[in-house]
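Work through the exercises below with the model open. Try each task before you read its solution.

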Amino acid sequence: YVVASIILAILFWKKHNQIKQTWYLSSPKVFLNEAKKRFQFWNKKQLWLIVVVLLINIATMVSISKYFEYLNNLTDIIVFQLIYFSLLAFGFLMGKKDWRKNKKPILLKIEKMLAGFDEEN
């Protein structure tokens, strides 16, 4: 849990600095390119979240392993993994649904504006 929390803190700190350093007086094209990166649902910088999810999974397995006495240990692990990854998939789908509703329209407008800049050249 500690390692996962440290990774999340570093990722949050980097994202905070990225947003804090946004210069609103830059050229519209540069500003829109930066905004496009922020409004995307998934990018390569978020691959660290997979490591965090796996670390949390391992830490949770270790912390609740003492309750696995009631059934076969392998069965308990499989059931826990199914529940854990089902909840992750549900959260991912709900996040994607929220992104489609709230952020995707903004991203599409940004891409349309950037296409307008490309047409001028």
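The exercises cover pockets, a surface patch and three single residues.

This is a predicted model: local features need pLDDT of at least 70, side-chain atom pairs count only at pLDDT 80 or more, and totals for chains, interfaces and linings use all residues. Residues are numbered from 1 along each chain as its sequence is written, and side-chain values use heavy atoms, with hydrogens and water left out.

**Exercise 1. The largest pocket**

Find the volume of the largest pocket, then describe its lining.

Solution.
- Start with the term. A pocket is an open set of points on a 1 Å grid over the protein atoms alone, where a 1.4 Å probe fits, with protein on both sides within 12 Å along at least five of seven lines. Lining residues have an atom within 4 Å of a point.
- Take the volume, which is the space filled by probe spheres set on the points. The largest pocket has about 790 Å³.
- Go to its centre. Of the 24 lining residues, the closest to the centre are Lys15, Gln18, Asn43, Lys45 and Gln46.
- Assign helices, which are DSSP runs (H or I, at least four residues) numbered from the N terminus. Helix 1 (2–20), helix 2 (28–39), helix 3 and helix 4 each supply at least two lining residues. Helix 1 has the largest share, with eight.
- Sort by class. The lining holds eleven nonpolar, six polar and seven charged residues. Here Ala, Val, Leu, Ile, Met, Phe, Trp, Tyr, Cys and Pro count as nonpolar, Asp, Glu, Lys and Arg as charged, and the others, Gly among them, as polar.

**Exercise 2. The second largest pocket**

Which residues line the second largest pocket, and which helix gives the most?

Solution.
- The volume is about 220 Å³.
- The lining consists of Trp42, Leu49, Ile50, Val52, Val53, Leu54, Leu88, Ala89 and Phe92.
- Helix 3 gives the most, with five residues. Helix 4 also supplies at least two.
- By class, the lining has nine nonpolar, no polar and no charged residues.

**Exercise 3. The nonpolar patch**

Locate the nonpolar patch on the surface and trace its helices.

Solution.
- List the members: Leu8, Trp42, Leu47, Leu49, Ile50, Leu54, Phe85, Leu88, Phe90, Phe92, Leu93 and Met94.
- Together they have about 1100 Å² of accessible area.
- Helix 3 (48–64) and helix 4 (73–102) each supply at least two patch residues. Helix 4 has the largest share, with six.

**Exercise 4. Three residues**

Is Asp76 buried or exposed? Place Ile50 and Ile10 as well.

Solution.
- Asp76 is found in helix 4. Asp76 is buried (under 20% relative accessible area), because its value is 9%.
- Asp76 and Met61 are 15 residues apart in sequence and 9.9 Å apart in space, C-alpha to C-alpha.
- Ile50 is found in helix 3. Ile50 is partly exposed, with a relative accessible area of 43%.
- Ile10 lies in helix 1. Ile10 is partly exposed, at 42%.
- Ile10 and Ile83 are 73 residues apart in sequence and 28 Å apart in space, C-alpha to C-alpha.

Definitions and conventions. Patches are made of residues with over 30% relative accessible area and no salt bridge: like charges are joined within 9 Å, nonpolar side chains (Val, Leu, Ile, Met, Phe, Trp, Tyr) within 5 Å. Accessible areas come from the Shrake-Rupley method with a 1.4 Å probe; for residues, only the protein chains shown count as cover. A salt bridge is a side-chain nitrogen of Lys or Arg within 4 Å of a carboxyl oxygen of Asp or Glu. Buried means under 20% relative accessible area, exposed over 50%, partly exposed in between (1.4 Å probe, protein chains only).
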